[in-house]
Amino acid sequence: MTNLSIEAVNLSKHYGSFVAVSNLNLTIEGSKCVGFLGPNGAGKTTTLKMFTDLIRPSSGEALINGVNVHTEKKKALASVGALIETPEIYPSLTPREALMMIAEIRGVPNAERSQRIEEAVSEVRMEEWIDKRVGKFSKGMKQRICIASAILSDPTVVLLDEPTLGLDPRGMSEVREIIKSLKNKKRLIFMSSHILSEISDVCDEVAMIDHGKLIAYDTIANVAAKVTGGENVVEVELRHPIEPGLMDKINAAFQGIESAEKKGERSFRITFNGGVDAQERILAGIVQMNVGIISYKPASSELEDAYLKLIKDTR
Amino acid sequence: MGAKTLLSHSLRIAWKDLTELWRNRLGLVLLVLMPLFMMVMVGFIYPSNSGSPSNLPVALVNEDAGFGNSTIASQTFIMGLQQINSRTSMMALSNASSVSDIKDLVQKGDIEGGIVIPSNFTESILNGEQGTLTIVTDQSNPQVSATIQAVLSAVFDQMGTMLAQQNVQRLNPAVNASNSLAIVKPYNVQTEGVVPGTPSYFDFIAPGIMAMTVMMSVMTGLPVAISQEKEVGTLDGMMVAPINRLSIILGKTLGQTARGLLQGTIILVMATVLFHVTIQGSILLVFALLLLGVFSFVGLGIVITSFAKDQETAQMMMMTLMFPMMFLSGVFFPIQQMPWYMQDISRVLPLTYASQALRKVMVLGAGIPDITTELTVMIVFGAIMTAIALPVFRRMMTR
């Protein structure tokens with residue numbers, strides 16, 4: 001299989017004196033899900049639009065699978081599915097009709113169109129709505145159909161711009177599940193968001209951007225580790241209230257632990273060094289203590305801490 | 001991307017637009033009603049038979065003092081006038097007491113004009129001099145005033161001819177009625193049209209309205225259709241696909257062309273069925289001209305699309321271009337009636353040639369060799385505008 005890649009080479013976009021994206025150099029390769037994280041106005045959507053030739057770069061190149069998007073658009077986008085900004089589907093058409101048009105435009109062979117449409121709609125769990133007019137759909141339902149349109153031609157590269165924007169919690173959860181299922185099919189997914197928990201939940205790696213500049217690109221754990229100085233944090237929840245002295249016991253029992261602190265009656269945080277090996281060792285040790293452990297997971301605030309520090313440093 | 005793929009994508013986009021139109025019931029009703037209203041309004045403002053007035057309210061003042069005890073000249077005149085009027089019903093004649101009475105009645109709007117027989121009318125006629133009649137007109141309505149003058153002058157001319165014939169026969173009884181007419185009026189003028197029948201104002205206006213409707217559907221419909229998709233967000237969905245932007249424009253144009261042709265056909269059917277417009281030339285040539293009209297205007301529509309950020313701007317730009325074109329292109333009024341500088345302006349407008357070509361084919365039965373100037377202008381204009389518009393559109397669509 002051709003190596004999947006998304007590459008920005010000195011990519012910049014200016015609007016007069018305003019710099020939306022500044023000399024972005026980013027290379028993403030292989031089949032994975034990468035989050036593109038940044039505050040509002042950071043340049044995420046502008047970057048994604050340059051990768052889909054909706055915006056012309058002021059300088060630099062946007063390459064997909066090694067092909068320049070601006071100079072060889074059709075070849076570059078032939079294997080790309082994209083959901084940019086707040087897309088819409090024609091309200092007076094049914095999903096089947098709208099996707100049939102998109103399938104033709106995307107070059108899906110005639111004989112395969114109906115099957116591909118049904119597969120894409122099934123993947124976003126909208127089968128029972130396939131022949132109902134889109135005008136009757138909720139925002140979440142339309143978003144799912146838009147995702148279906150993005151994956152209709154079975155693209156190897158998927159670009160998603162804030163795919164859960166404007167959705168209610170249930171809608172957000174459903175779309176995240178859909179994106180996770182897309183990961184299973186050897187695709188390179190590049191997804192922008194400003195919701196940290198979403199990136200943590202769905203993505204393998206994260207690229208952070210602020211004021212049009214790339215400030216970090218790595219796995220989530222490594223990005224967090226860079227900020228925390230290599231420390232990791234796990235949150236533990238017990239079935240019963242914490243016994244007195246348990247924190248001291250944990251502090252003393254395991255090498256590499258920086259601190260063990262109570263958070264609540266039945267939960268506590270452990271800060272440690274040593275990466276995933278230490279994480280595994282500590283878990284095994286706590287289980288052996290027979291304290292009734294029911295949850296052991298990396299702290300959801302890891303990425304948040306890293307993000308806030310990195311963004312603060314660029315301001 | 002091959003031509004076949006380009007066409008296929010374009011047809012798919014056109015199909016999508018027409019499906020959306022079909023499912024928008026209100027839009028569909030308005031699409032049909034608009035040309036219907038235009039035709040009915042214009043058609044019934046101007047009557048379908050050619051310009052003969054009827055029952056024009058006119059007042060008569062007879063100030064003839066007579067000669068001796070005789071007022072024979074004025075009495076003969078009035079009798080002759082009443083005889084002609086009873087045959088033609090051109091006027092609703094009433095009596096007025098004086099010239100100032102006539103002027104009062106005109107000012108009140110009770111009459112459209114008046115006839116004044118002067119006090120020395122019989123004296124002049126019996127002394128072998130010309131009798132002078134005065135026509136009083138309503139100057140606030142130049143068109144009606146001109147009509148009254150024309151009608152009354154024709155009537156008086158006819159009566160004068162009859163009186164002259166009687167004078168000739170009295171002077172020489174050997175001269176018969178036919179010879180006396182040849183003496184009094186040596187020239188007899190006949191008019192003959194290029195085609196049978198007497199085309200009405202509606203025959204004049206129908207081709208122009210058809211051309212204008214097609215122009216509007218492309219110049220209005222195209223920018224609005226694309227701006228709407230830009231605003232709603234569906235255009236970006238198409239643009240991120242590996243599709244030639246030409247397909248988008250071509251598809252939208254095909255969709256709008258179908259709409260324009262539908263409206264043009266409605267106008268054509270209404271013109272022939274309701275207003276008895278006769279199409280002298282080839283129907284196929286009429287539709288070919290409408291399609292050529294689309295080609296002429298599509299480039300202009302694309303340019304408006306490229307520069308309009310949203311639907312409102314697109315509509316304002318379109319109205320700014322369209323209104324002058326409608327009135328200066330000879331759609332409603334003949335260009336020849338305009339001042340020379342306005343005629344020069346009309347000669348650079350594509351709608352002028354579109355409506356002229358349609359008019360020649362529909363009213364005069366012209367064929368292709370008779371409209372080569374119009375065809376050339378429309379093709380050249382369309383080609384130049386399209387050549388300018390496409391790169392502008394491509395550039396504007398990628399910001």
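This is a short dialogue on reading a predicted model with chains A and B.

Reader: Before we start, how should I read the labels and the model?

Author: Residues are numbered from 1 along each chain as its sequence is written, while chains are lettered from A and ligands numbered from 1 in the order in which they are written. The model is predicted, so local features need pLDDT of at least 70 and side-chain atom pairs count only at pLDDT 80 or more, but totals for chains, interfaces and linings use all residues.

Reader: How many residues does each chain bring to the contact?

Author: Two residues are in contact if their C-beta atoms, placed from the backbone, lie within 7 Å. Here, chain A brings 26 residues and chain B brings 22 residues.

Reader: Which helix of chain A gives the most to that side?

Author: Helices are DSSP runs of H or I with at least four residues, strands are E runs of at least two, and both are numbered from the N terminus. α3(A) gives the most, with four residues.

Reader: Is Gly30(A) buried or exposed?

Author: Buried takes 20 or more other C-beta atoms within 10 Å of a residue's own, exposed takes 12 or fewer, and partly exposed is in between; C-beta atoms are placed from the backbone. Gly30(A) is exposed because it has 12 C-beta neighbours inside 10 Å. You'll find Gly30(A) in the loop between β2 (18-29) and β3 (33-37) of chain A.

Reader: What does Gly30(A) touch?

Author: Leaving out residues up to four places away in sequence, Gly30(A) touches Leu4(A) and Leu188(A). Gly30(A) and Leu188(A) sit 158 residues apart in sequence, yet 6.4 Å apart in space, C-alpha to C-alpha.
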